Amino acid sequence: MLKDKVLTKVDDSSADELLFYTEDGEVYRMHHYQDCCESVYIEDICGDLNNLIGSPLLLAEEVSEEREPLNTWDESFTWTFYKFATVKGGITIRWYGTSNGYYSESVSFEKVD
């Protein structure tokens, strides 16, 4: 969705979402629709978000991996990684979701109208 686009701003002022602003006036939101009995949040951002500003995105991908849970009592859990890169460098946004197994642990990435 964002590959080859040029970002003008990445807003990380909210603890549970990121907003990506493009040179052509589009805005994209990365977040999770919270529900009962679950928790999905940004666990870490590895790299400098400023590396994404002003140059075309060469890489923009979502990857899920099997890893150990953060807490041994997590019944169900999902690690989701968003990887972005420009010629300035790359970043990885690491999301962690946990639930009782009946709720979504996924991250939404959508264009804001």
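This report describes a sheet, a nonpolar core and some ring pairs in a predicted model.

## Basis of the model

Because the model is predicted, local features need pLDDT of at least 70 and side-chain atom pairs count only at pLDDT 80 or more, while totals for chains, interfaces and linings use all residues. Residues are numbered from 1 along each chain as its sequence is written, and side-chain values use heavy atoms, with hydrogens and water left out.

## The open sheet

Four strands (DSSP runs of E, at least two residues, numbered from the N terminus) form an open sheet in the order β1-β2-β3-β8, with antiparallel pairing; two strands pair if DSSP finds at least two bridges between them. Since β1 and β8 (108–112) stand at the edges with a single partner strand each, one side of each is left without a neighbour in the sheet. Five bridges join β3 to β8, and His31 has Ser108 in β8 as its bridge partner.

## The nonpolar core

The largest nonpolar core (buried Ala, Val, Leu, Ile, Met, Phe, Trp, Tyr and Cys residues joined through side-chain atoms within 4.5 Å) has 20 residues, and those with the most contacts inside it are Phe20, Met30, Phe84 and Ile93. The largest share, three residues, comes from β7.

## Aromatic rings

Rings of Phe, Tyr and Trp (its six-membered ring) pair if their centres lie within 6.5 Å, and planes under 30 degrees apart count as stacked, over 60 as edge-to-face and the rest as tilted; by this rule there are eight aromatic pairs. The rings of Tyr28 and Phe109 have centres 5.9 Å apart and planes at 5°, so this pair is stacked. Both Tyr28 and Phe109 are buried, meaning under 20% relative accessible area, with exposed over 50% and partly exposed in between (1.4 Å probe, protein chains only).
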